[in-house]
Amino acid sequence: MELGRFLSGFIRQSGDDAAMPESVHEEAADALDARPTDRSRVPPGQWVTRGWPVLTYGSTPRFDPARWDLRIVGLVDNPLTWDYETFMNLPTKKVLCDIHCVTTWSLLDSVFEGVPAEYVAEQAGIKPEATHVIAHAEQGYTANLPLADFLRDDVLLAYKHNGENLTLDHGWPLRLMVPHLYFWKSAKWLRGLEFVNADEPGFWEVRGYHMHGDPWTEERYG
Ligand SMILES: Nc1nc2c(c(=O)[nH]1)N[C@H]1C(S)=C(S)[C@@H](COP(=O)(O)O)O[C@H]1N2
Ligand SMILES: [Mo]
């Protein structure tokens with residue numbers, strides 16, 4: 001895919017500054033920190049980026065707080081619809097994590113803050129027959145994941161990154177953050193979660209990406 005080539009201007013191989021074109025090197029220099037990259041934290045086939053690229057299929061949606069809601073539906077005891085103000089007053093937590101994009105960049109050491117997936121699941125009451133979750137985002141983007149992956153304690157419905165509100169391009173006002181899977185599972189502009197009893201491919205999974213997407217075993221394509 002051409003995106004990989006496009007992105008190569010923004011990324012550098014961990015521990016290999018020499019491989020980077022000079023212009024990118026200069027641009028990146030002020031973002032570099034002194035720590036050597038801990039390669040044990042970089043999954044196979046990934047490069048480390050210091051900046052945070054934007055990857056969106058299509059355009060960045062507009063956000064109108066008066067019309068925004070988040071719906072929790074499907075195999076739940078209490079279907080929920082949260083408006084913007086109510087959602088923003090739910091309990092949050094911070095998670096320190098790494099991001100691994102299937103186009104081969106990894107960003108280490110981000111702190112995301114948001115509502116824990118576990119909290120949402122508790123509020124909705126997941127029925128025992130539910131096995132998977134479909135994240136529904138603006139403009140029809142979807143991503144599927146097993147319930148067990150969704151219920152991990154590092155999964156967030158996130159709206160802050162390193163203490164700042166997410167930018168529109170990175171998913172404001174809300175994105176899913178599933179740090180242990182490839183980043184396409186972390187749907188930006190999240191508007192709903194649907195609990196289901198069968199695995200159904202989402203937007204990228206229909207186009208050949210893996211149903212699960214574990215970066216450590218390179219579950220890139222299905
Ligand atoms: N709604 C939506 N979510 C999305 C995407 C998208 O195109 N639309 N792209 C996915 C992909 S492929 C990646 S790598 C990450 C990129 O997030 P970022 O732009 O914040 O880096 O978002 C994921 N979530
Ligand atoms: Mo991606």
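In the predicted model, strands β6 and β11 pair in the antiparallel sense, and six bridges hold the pairing. Within this pairing, His-132 stands opposite Val-196 of β11. Strand β11, which spans residues 190-196, also pairs with β2, here through four bridges and in the parallel sense. In this second pairing, Val-73 has Glu-194 of β11 as its bridge partner. Because five of the seven residues of β11 are buried, the strand is largely enclosed by the rest of the structure.

Strand β2 (residues 69-74) has a further partner in β3 (residues 80-83), and these two strands are antiparallel, with four bridges between them. Ile-72 lies opposite Leu-80 of β3. The connection from β2 to β3 is a hairpin of five residues. Strand β2 is thus paired with β3 and with β11, while β11 is paired in turn with β6.

The chain as a whole contains six helices and 11 strands. Of its 222 residues, 49% count as buried. The area exposed by the chain is about 10900 Å², of which carbon and sulfur atoms supply 51%. When contacts between residues at least 6 apart in sequence are considered, 67% of them join residues at least 24 apart.

In soluble globular proteins, nonpolar side chains tend to be buried together. In the present model, the largest nonpolar core comprises 55 residues. The residues with the most contacts inside this core are Phe-87, Phe-150, Leu-157, Leu-193 and Phe-195. When neighbours within four places in sequence are set aside, the contacts of Leu-157 include Phe-87 and Leu-193. Leu-157 also touches Leu-70, Leu-174, Leu-176 and Leu-190, as well as Val-115 and Val-120. Its remaining contacts are with Gly-114, Ala-117 and Arg-175.

Helix α4 has Ala-117, Val-120, Ala-121 and Ala-124 among its residues, and these four are buried. They are placed on the same side of α4, because they cover an arc of only 100 degrees around the axis. The buried residues of this helix pack against several elements, namely the strands β2, β3, β5, β8 (156-161) and β11 and the helix α5 (147-150). Just after α4, Gly-125 adopts a positive phi of about 70 degrees.

Side chains of opposite charge can pair when their charged atoms come close. The model contains eight salt bridges. One of them is formed by Arg-41 and Asp-98, with the closest N and O atoms 2.7 Å apart. This pair links distant parts of the chain, as Arg-41 belongs to the loop between α2 (22-29) and β1 (47-48) whereas Asp-98 lies in strand β4 (residues 93-100), 57 residues apart. The two partners fall into separate accessibility classes: Arg-41 is partly exposed, with a relative accessible area of 28%, and Asp-98 counts as buried because its relative accessibility is 15%, which is under the 20% limit for a buried residue.

Arg-41 also forms a salt bridge with Asp-109, with an N to O distance of 2.9 Å. Here too, distant parts of the chain are linked, since Asp-109 lies in strand β5 (residues 105-116) and Arg-41 in the loop between α2 and β1, 68 residues apart. Asp-109 is partly exposed, at 26% relative accessibility. Arg-41, Asp-98 and Asp-109 are accordingly linked in a network of salt bridges.

A further salt bridge joins the side chains of Asp-77 and Lys-127 at 3.1 Å, N to O. Its partners come from distant parts of the chain, 50 residues apart: Asp-77 from the loop between β2 and β3, and Lys-127 from the loop between α4 (117-124) and β6 (132-137). Both count as partly exposed, Asp-77 at 48% relative accessibility and Lys-127 at 28%.

How values were computed: Residues numbered from 1 in each chain as written. Chains lettered and ligands numbered in written order. Predicted model: local features only at pLDDT ≥ 70, side-chain atom pairs only at ≥ 80, totals over all residues. Heavy atoms only, no water. Pairing = 2+ DSSP bridges. Core = buried A, V, L, I, M, F, W, Y, C linked by side-chain atoms within 4.5 Å. Buried < 20%, exposed > 50% of the residue type's maximum accessible area, 1.4 Å probe, protein only. Contact = heavy atoms within 4.5 Å. Salt bridge = Lys/Arg side-chain N within 4 Å of Asp/Glu carboxyl O. Areas by Shrake-Rupley, 256 points an atom, 1.4 Å probe, with all protein chains shown as cover. Arc of directions from axis to C-beta.
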